[in-house]
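I sat down with this one to jot a few notes as I went. Here is what I looked at.

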Amino acid sequence: MDKKNLRKLLEEKLSDKDLEKLEAYLTEEKLLRIEKIQKLKELIERGEYEVPAEEVAEKIIEFFKKNQ
């Protein structure tokens with residue numbers, strides 16, 4: 001379902017007040033996600049961000065299992 005159809009469906013099912021609450025929540029979530037990404041970028045640029053090798057290996061194995 002594309003964004004246009006989803007918005008139309010939500011407008012039919014939710015009140016204006018509920019739509020405002022949903023939009024506020026989604027905006028806040030988007031801002032938090034952007035902030036988290038920015039912090040990660042800064043850590044990477046400073047060379048302070050490290051991922052344990054085991055986590056990387058697990059993700060690679062998961063990827064190959066899902067995409068066989």
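How far apart are the mean positions of the positive and negative charges of the chain? I found 16 positive and 18 negative charges, with mean positions 5 Å apart. A reminder to myself: this is a predicted model.

**Overall build.** I went through the secondary structure next and got three helices and zero strands, in the order α-α-α from the N terminus. The radius of gyration is 19 Å, well over the 11 Å from the globule rule for 68 residues, so I call the chain more spread out than a compact globule. I noted a C-alpha trace spanning about 50 × 35 × 15 Å along its principal axes. Of the 68 residues, 1% count as buried. The accessible surface is about 6900 Å², and 55% of that belongs to carbon and sulfur atoms.

**Helix 2.** I checked its length: 31 residues (16-46) at 1.5 Å each should span 45 Å, and the end C-alpha atoms are indeed 45 Å apart. G47 follows helix 2, with a positive phi near 75°.

**Salt bridges.** I counted four. In one of them, E11 pairs with R7 at 3.2 Å between the closest N and O atoms; these two sit four residues apart in helix 1 (residues 3-13), about one turn. R7 also meets E23, at 2.8 Å from N to O. That pair links distant parts of the chain, as E23 is in helix 2 and R7 in helix 1, 16 residues apart. Shared partners thus join R7, E11 and E23 into one network. I looked up their exposure too: E11 is partly exposed at 42% relative accessibility, R7 at 43% and E23 at 36%. Elsewhere, R46 forms a salt bridge with E48, at 3.2 Å between the closest N and O atoms.

Definitions and conventions. Residues are numbered from 1 along each chain as its sequence is written. This is a predicted model: local features need pLDDT of at least 70, side-chain atom pairs count only at pLDDT 80 or more; totals for chains, interfaces and linings use all residues. Side-chain values use heavy atoms; hydrogens and water are left out. The radius of gyration is taken over C-alpha atoms; the globule rule is 2.2 Å times the number of residues to the power 0.38. Buried means under 20% relative accessible area, exposed over 50%, partly exposed in between (1.4 Å probe, protein chains only). Accessible areas come from the Shrake-Rupley method with a 1.4 Å probe; for residues, only the protein chains shown count as cover. Lys and Arg count as positive and Asp and Glu as negative; His and the chain ends are not counted. The place of a charge is taken as NZ of Lys, CZ of Arg, CG of Asp or CD of Glu. The expected span of a helix is 1.5 Å times one less than its number of residues. A salt bridge is a side-chain nitrogen of Lys or Arg within 4 Å of a carboxyl oxygen of Asp or Glu.
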